[in-house]
Amino acid sequence: MKIAFVGLGAMGQPMARWLLSEGFDVSVTDANADLAESFGKNWAATAEQASAGADILITMLPNGKIVRDVLLGAGNAANALAPDAVVVDMSSSDAAGTVLLGAELSAKGIRLVDAPVSGGVVLAGQGKLALMVGGSDDSAFEKVEPVLEALSGKLLRVGKLGAGHAAKAINNAVAACNFAIMSEGLELGRRFGLDGSVLLEVVNGSTGRSGVSEGLFPSQVLGEKYALGFALALMTKDVGLADALRSDLGLELPMLEQTLARYRAALDALGNGADFTEFHKFVQQSSGD
């Protein structure tokens, strides 16, 4: 079974290398041609060349618009795939766009599965990511399952096509909101004179605890490390995807909308180079005297 892998960014590169180390037949490509030498014979100059005769095409790209362009636009990858191929979009794409893309690919005899990931760069290089898989075509899932299993420590089928992207966006929006309120809580406590580590111990031993308070605040915030490796711009994008889904469904969800507004303000203040955990700095800077 031949696999094409398009998109070798911070997450895509270790994922592709892991598949190669596990013995899969993978042809890779990326806009950054400087990576060609390190991938050697597995490198292809274009997405179309990487996809030639491939049974499975994995995309790990910045957004759904780029995924569509690689497949059906200038990249022309869909036309190069083997008959009955399956595309697995592991990018953080918008759910509604995924549903539309699935219909367009279906007209070409190509099936689409969405399988966005969570877990970070280290787990990507160990095949231990959490995968949220959307798509109701069981035979398509069975075809790609060995590849997904190789990349994941936890694989969840979450529903119809687009459900994976919806679940990923919602999860990250919840995490972003948790991070924001924990940051504000720490700042509130600091202004009153509470030691941050003591307050965090209270929260993590009580009902306020979350994966964010237990994981990121001790390791990244209290020691002022701010080096999670996940960009503030990417978290803001993911919260925006959740908000776009809210808008598509005609819902009013004030917490989500306010979370997006706060993250956009933080991104404007801190810049595109900021780590997600530096949102705490923004809270300190913007909370007033």
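Tutor: A salt bridge here is a side-chain nitrogen of Lys or Arg within 4 Å of a carboxyl oxygen of Asp or Glu. The model is predicted. Ask away.

Student: How many salt bridges does the structure hold?

Tutor: Each pair must pass the 4 Å cut-off between nitrogen and carboxyl oxygen. In this predicted model, the count of salt bridges is 10.

Student: Which residues are linked with Arg111 in a network of salt bridges?

Tutor: Start with one pair: Asp137 and Arg111 meet in a salt bridge, at 3.6 Å from N to O. That pair links distant parts of the chain, 26 residues apart. The network also takes in a further acid, and Arg111's partners in it are Asp84 and Asp137.

Student: Where do Asp137 and Arg111 lie in the fold?

Tutor: Asp137 sits in the loop between strand 7 (129-134) and helix 7 (138-151). Arg111 belongs to strand 5, residues 111-114. So the places asked for are the strand 7–helix 7 loop for Asp137 and, for Arg111, strand 5.

Student: Is Arg111 buried or exposed?

Tutor: The cut-off for buried is under 20% relative accessible area. Asp137 has 32%, so it is partly exposed. Arg111 has 17%, so Arg111 counts as buried.

Student: Which residue forms a salt bridge with Arg68?

Tutor: The closest N and O atoms of the pair are 2.4 Å apart. Arg68 is in helix 4, and its partner is in helix 5, 36 residues apart. Arg68 is partly exposed at 37%; the partner is partly exposed too, at 31%. The partner is Glu104.

Student: How many residues apart are Asp243 and Arg246 in helix 11?

Tutor: These two form a salt bridge, with the closest N and O atoms 2.7 Å apart. Asp243 is buried at 13%, and Arg246 is buried at 14%. An α-helix has 3.6 residues a turn, so residues three or four places apart point the same way. Asp243 and Arg246 are about one turn of the helix apart, a spacing of three residues.

Student: Which side chain of opposite charge is nearest to Lys168?

Tutor: Lys168 is in helix 8, residues 163-192. Lys168 is buried yet has no salt bridge. A salt bridge needs N and O within 4 Å, and the nearest side chain of opposite charge is 4.3 Å away. That side chain is Asp238.

Student: Which residues is Lys168 in contact with, leaving aside neighbours within four places in sequence?

Tutor: Contact takes heavy atoms within 4.5 Å. Asp238 is on the list even though Lys168 has no salt bridge. The contacts are Ser92, Pro116, Val117, Met132 and Asp238.

Student: Which helix gives the most to the lining of the largest pocket?

Tutor: The largest pocket holds about 1100 Å³ and is lined by 39 residues. Lys168 is among those nearest its centre, with Met11, Gly119, Gly120 and Phe230. By class the lining has 21 nonpolar, 14 polar and four charged residues. Six of its residues come from one helix, helix 8.

Student: What is the volume of the second largest pocket?

Tutor: This pocket is lined by 14 residues, with Val6, Asp30, Ala31, Ala47 and Val70 nearest its centre. Helix 4 supplies the largest share, three residues. The lining divides into seven nonpolar, four polar and three charged. The volume is about 240 Å³.

Student: Which helix gives the most to the lining of the largest cavity?

Tutor: There is one cavity of 30 Å³ or more, and the largest cavity has a volume of about 60 Å³. Helix 5, helix 8 and helix 11 each supply at least two lining residues. The top share is four residues, from helix 11.

Student: How many charged residues are in the lining of the largest cavity?

Tutor: The lining includes Ser93, His165, Leu241 and Asp248. Asp counts as charged here, and Asp94 is in the lining as well. Alongside seven nonpolar and two polar residues, the number of charged ones is two.

Student: Which residue with a positive phi follows helix 1?

Tutor: Helix 1 covers residues 12-21, and its buried residues include Pro14, Met15 and Leu19. The residue that follows has a phi near 95°. That residue is Gly23.

Note on methods:
Residues numbered from 1 in each chain as written. Predicted model: local features only at pLDDT ≥ 70, side-chain atom pairs only at ≥ 80, totals over all residues. Heavy atoms only, no water. Buried < 20%, exposed > 50% of the residue type's maximum accessible area, 1.4 Å probe, protein only. Lys, Arg positive; Asp, Glu negative; His and termini not counted. 1 Å grid on protein atoms, 1.4 Å probe; cavity = no way out; pocket = protein on both sides within 12 Å on 5 of 7 lines; lining within 4 Å. Points joined across faces, edges and corners; volume = space filled by probe spheres on them.
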